[in-house]
Amino acid sequence: MTSNTIEVRPIAGAVGAELHNVDLAHDLSDATIAAIRASLGQWGVVFFRDQALSEANHIALAERFGKININRFFRAVDGWPQIAEVRKEPEQKTNIGGGWHTDHSYDQIPALGSLLYAREVPDYGGDTVFASMYAAYDALSDGLKRTLETLRAVHSSRHVFGKAAQRTESQDGRLGNPDAATQDAVHPVVIHHPETGRRALYVNPGFTTHFEGWTADESRGLLETLYRHAMRPEFSCRFNWRPGSLAFWDNRSTWHLAINDYHGQRRLMHRITVEGVALH
Ligand SMILES: O=C(O)CCC(=O)C(=O)O
Ligand SMILES: [Fe+2]
């Protein structure tokens, strides 16, 4: 297999690049995979346009980056247990991933990232925003950086996917298995990215509950300060989907949020999540 030279087009200053001149259904050569991996490390999320991927193509691509994690909360695509469905129907009001979060931080070995592929998109809206936790960390003062490097934080899925969450998604079949939402995880507040070695802020509004050894009440003020900082627009990018677009994000260096501004229209995405390593 030959591989053409991939063209990397950043879409914002801190995070996100479109990769052009690549056909993911036909070229999974070592050179192409290495180029994607390098861009993912640098840009936190990489985007591809106009990809014609079957479910098998999508799986083959994901497997080049690691073992597939079968999501225990999302409904799978019929016949494809490796592929989770991220769906919103015209009559549904809530969407999946509508607040800032990092997937799987509630796992002690969090997923590396996800490959989200657009099958049906609304006429307008339904963009996804990403934020760079490299940029957020880098812009903190030296004093706060030093303090944060001594802290660890607890992350949980209970309040999101567990029984207490009572989400409408569980009633309409998009999410399930609340009994699996019983584990918590502890990670450093500042991680050293396992591949790039760069430091990244690793707390998020979706799943972080408190600093280890602090109460939730005591943690709230500092967490809110960090979240407000990390949400600064210059650390983010916004991706407008078209059918056939694919986003591959790195959970260790980014947050994301799915904008819920397309009521009355369907949006259907296929997601494959790749396993990662413990974070230090
Ligand atoms: O639908 C999206 O754009 C992203 C949803 C989400 O948070 C996810 O798939 O992890
Ligand atoms: Fe997500």
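Let me begin with strand β7, residues 113–120, which pairs with strand β17, residues 267–274, in the antiparallel sense over 7 bridges; strands here are DSSP runs (E, at least two residues), numbered from the N terminus, and two strands pair if DSSP finds at least two bridges between them. Before going further, I should say that this is a predicted model, in which local features need pLDDT of at least 70 and side-chain atom pairs count only at pLDDT 80 or more, while totals for chains, interfaces and linings use all residues. Residues are numbered from 1 along each chain as its sequence is written, chains are lettered from A and ligands numbered from 1 in the order in which they are written, and side-chain values use heavy atoms, with hydrogens and water left out.

Within the pairing of β7 with β17, L116 has R271 as its bridge partner. β7 also pairs with strand β15, residues 246–250, where 5 bridges join the two antiparallel strands, and G113 stands opposite D250 there. Because 6 of its 8 residues are buried, β7 is largely enclosed by the rest of the structure, buried meaning under 20% relative accessible area (1.4 Å probe, protein chains only).

Now to the metal. Which residues are the protein donors of the iron ion, ligand 2? They are H101 through NE2, D103 through OD and H256 through NE2, lying 2.1 Å from the ion, where donors are N, O and S atoms within 2.8 Å of the metal (3.2 Å for Na, K and Ca), and since water is not among the atoms, the site may look incomplete. Along the chain these donors follow the spacing H-x1-D-x152-H. H101 counts as buried at 9% relative accessibility, and D103 does so at 4%.

H101 and D103 turn up again around ligand 1, together with V86, I96, G97, L116, T128, W249, H256, A258, R267 and R271, each having a heavy atom within 4 Å of the ligand. As for polar contacts, taken as pairs of N or O atoms within 3.5 Å, an oxygen atom of ligand 1 is 3.0 Å from a side-chain N or O atom of H101, an oxygen atom of the ligand is 2.5 Å from such an atom of T128, and a polar side-chain atom of R271, the bridge partner of L116, lies 2.5 Å from a ligand oxygen. The protein covers 99% of the 290 Å² of accessible area that ligand 1 has on its own, areas being computed by the Shrake-Rupley method with a 1.4 Å probe. Finally, the elements giving two or more residues to this shell are β16, residues 254–258, and β17, the strand with which I began.

Terms used:
Buried means under 20% relative accessible area, exposed over 50%, partly exposed in between (1.4 Å probe, protein chains only). Helices (H or I, at least four residues) and strands (E, at least two) are DSSP runs, numbered from the N terminus. A polar contact is a pair of N or O atoms within 3.5 Å; within protein, one must be able to donate a hydrogen and the other to accept it, and residues adjacent in sequence count only if both atoms are side-chain atoms.
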